[in-house]
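Where does the ligand sit, and which residues surround it? The paragraphs below take the ligand first and the space around it second.

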Amino acid sequence: MKFFIDTANMDEIKEAFSLGVVAGVTTNPSLVAKEKNVSFPDRLREITALVPGSVSAEVIALDAEGMIKEGRELAAIAPNITIKVPMTPDGLKAVNVFAKEGIKTNVTLIFSANQALLAARAGASYVSPFVGRLDDIGHNGLDLVSAIAEIFAIHDIETEIIAASIRHPQHVTDAALRGAHIATVPYKVIQQLFNHPLTDKGIEAFLADWNARS
Ligand code: E4P
């Protein structure tokens, strides 16, 4: 499983990429809205100048025609822009057009296996099941990741699964075990993945022994 970072913040993106473990970026309108004094296209230029992998940029229009127009404009910013489209009939019409034009797509707000299958058949490059938001309403988001992974494996579907709405490190481990190709992870959770008290204790003990040597 690969890691993407789920943010539109340049400091977080720079720091995560310097770690060498992150392969792409996902943004959404809520994340972009947190970034003040920068236009969306300019922020996408900054991100794609730094990140060679997939950078998801979400359309705002809700009708297929509007999504296609917006998506083409966003895709023209850099060759590694992936157009993020919501899971609706209009969204999938747009995905189908983008697929024929060689524009990569990420179908977002996936909450059922049938939605993921529909998106894949429309030509989506990625589907994003929202694990945390399903957990929030008392469902099991990771069961959805397993179901999609199983269906895609049975039917030889090449669409990649991005486990999204990741809230804590256990989500990351479980997404990997359940067959997600990618987890898109907030910066805070990436930091948490590094932590283990025994690592800290071990470093402390090694240093203490080193400093006490005669
Ligand atoms: C994924 O592409 C979404 O941007 C994101 O993971 C949503 O996460 P949230 O449910 O924490 O807002």
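In this predicted model, the side chain of Asn28 has an N or O atom 2.7 Å from an oxygen atom of the ligand. Ser165 also has a side-chain N or O atom 2.7 Å from a ligand oxygen. For Arg167, the distance from an N or O atom of the side chain to an oxygen atom of the ligand is 3.0 Å. On its own the ligand has 350 Å² of accessible area, and the protein covers 85% of this.

Asn28, Ser165 and Arg167 belong to the set of residues that surrounds the ligand, which also includes Asp6, Lys84, Phe130, Arg133 and Ala164. Sorted by class, this shell consists of four charged residues, two polar ones and two nonpolar ones. The charged residues are Asp6, Lys84, Arg133 and Arg167. Asn28 and Ser165 are the polar ones, while Phe130 and Ala164 are nonpolar.

The next step is to look at the space that holds the ligand. Rolling a probe the size of a water molecule over the atoms shows where empty space is left. The ligand is found in the largest pocket, which contains about 400 Å³ of space. This pocket is lined by 24 residues, and those closest to its centre are Asp6, Asn28, Leu31, Lys34 and Pro186. Two elements, β5 (105-110) and α10 (187-194), each give two or more residues to the lining. Seven residues of the lining are charged, nine are polar and eight are nonpolar.

Asp6 and Asn28 link the two parts of this description: both are among the residues that surround the ligand, and both are among those closest to the centre of the largest pocket.

Key
Residues numbered from 1 in each chain as written. Predicted model: local features only at pLDDT ≥ 70, side-chain atom pairs only at ≥ 80, totals over all residues. Heavy atoms only, no water. Near = heavy atom within 4 Å. Polar contact = N/O pair within 3.5 Å; in protein donor to acceptor, adjacent residues only side chain to side chain. Areas by Shrake-Rupley, 256 points an atom, 1.4 Å probe, with all protein chains shown as cover. 1 Å grid on protein atoms, 1.4 Å probe; cavity = no way out; pocket = protein on both sides within 12 Å on 5 of 7 lines; lining within 4 Å. Sits in = over half its atoms within 2 Å of the grid points. Points joined across faces, edges and corners; volume = space filled by probe spheres on them. Helix = DSSP H or I, 4+ residues; strand = E, 2+ residues; numbered from the N terminus.
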